[in-house]
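Hello,

I am passing a structure on to you, and below it I have put together a few notes to help you find your way around. Have a look at it first, then read on.

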Amino acid sequence: MSKDYYELLGVSKDASDDEIKKAFRKAAHKHHPDKESGDEAKFKEINEAYQVLSDKQKRGQYDQFGSSFDQAGAGGGQSHGGFDFSGFQGGGQNGFNFEFGGDGGGFGDIFGDIFGGGRGQGQNQNQGKGNDVSVDVEITLEEAVVETEKDINIFISSLCFVCDGIGAEKGSKVESCKTCGGSGQVTKQRRTILGTFAQNEICPDCQGVGETFNKKCSACGGDGKTKQNKTIKVKIPVGIADGQTIRLSGQGEVGFRPGKGNSIAGDLYITVRVKQHSLFERKGDDIIYNLQISISQAALGDKINIPTLQGEVKLKIPSGIQSGKIIKLKEKGITHLQGLGKGDMFVVVQIAIPEKLSKNQKKLFEELKKEGI
Ligand SMILES: [Zn+2]
Ligand SMILES: [Zn+2]
């Protein structure tokens, strides 16, 4: 597993970015597989070395963790590198992206320390990455139209709070892993119908690091993680619809990287359920509201207060309005998720015919009847 990226490029450990770039170009030129002098394996190694050393963060990690860092830069292990709270997995219909912006609402504080380790193991890039977690959160229609923050309670594998994910008891010493003799790999015999094969696998005890602790953390048994209750705040984007999903990168279960406590966490997928409203029906970003008015209001016209998602507004009912007529209230609907603008509200007018009449009402209707109404 151990490769010296500096040596591969032929530069010193304190080489500048420029020197690294130049050295890479030179080496890549020399070993390019299309050339006669080319060497594909070497070319790949050089590329791998450059990918790590040309990236400030990866180079820092490599310097710190040395050879056990190895594949992390080259493979999928770091593909979700760091922390975008951006991910918005569209509910399907639109395929849009929603940006949470930089103000992750303090998420960074909670999980910032478990990112970026990426001590990947070549053979299995996903080993050590925590599981993704899916949860539902229920909101009201009112909450869907304004900036809303919700607490999500989950019970998931998190960094052990006793050892901070390191897996070691206080005062324990680092020692070369006994299982693999410090190589980080074990050889397994596989029997198949074609014969027996020896296959190198990542050491299950040290996860490829080559080192373990002589005393394992008593809280987590050396796993570096325990199941914990977590409350995560999530900002619900304005205009979100039922069934749409928000992805919080790195808020899922932690993975396991013993030794240094570095871990790649899975993602948290939050599916938003918008409750049915007692008054309003949602159609996309528009709102439908059924309004019952009396016969006299319809005939004479009126000014009444009606509810909207933004509070009560005055509605003018023109005289002579017919049942089924729709009055449009511009931009009284839901803010578009994708950007500026709002949907509208449609007031569907229904004229209520009284089922029972008082004596006096009956008399008045008799009068109207005589008038041909
Ligand atoms: Zn622990
Ligand atoms: Zn080992």
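A residue is called buried if 20 or more other C-beta atoms lie within 10 Å of its own, exposed if 12 or fewer do, and partly exposed in between, with C-beta atoms placed from the backbone. Helices (H or I, at least four residues) and strands (E, at least two) are DSSP runs numbered from the N terminus.

This is a predicted model, in which local features need pLDDT of at least 70, side-chain atom pairs count only at pLDDT 80 or more, and totals for chains, interfaces and linings use all residues. Residues are numbered from 1 along each chain as its sequence is written, while chains are lettered from A and ligands numbered from 1 in the order in which they are written.

Let's start with strand β10, residues 268–274. Leu268, Ile270, Val272 and Val274 point to one face and are buried, whereas Tyr269, Thr271 and Arg273 point to the other and are not. In a regular strand the side chains do alternate between the two faces of the sheet.

Strands count as paired if DSSP finds at least two bridges between them. β10 pairs with β2 (residues 133–139) in the parallel sense over seven bridges, and valine 135 stands opposite isoleucine 270. With β9 (residues 245–248), β10 pairs in the antiparallel sense over four bridges; here leucine 248 has leucine 268 as its bridge partner.

Finally, glutamate 331 has a positive phi of about 60°, although it is not a glycine. Glutamate 331 lies in the loop between β15 (326–329) and β16 (345–352).

Best wishes
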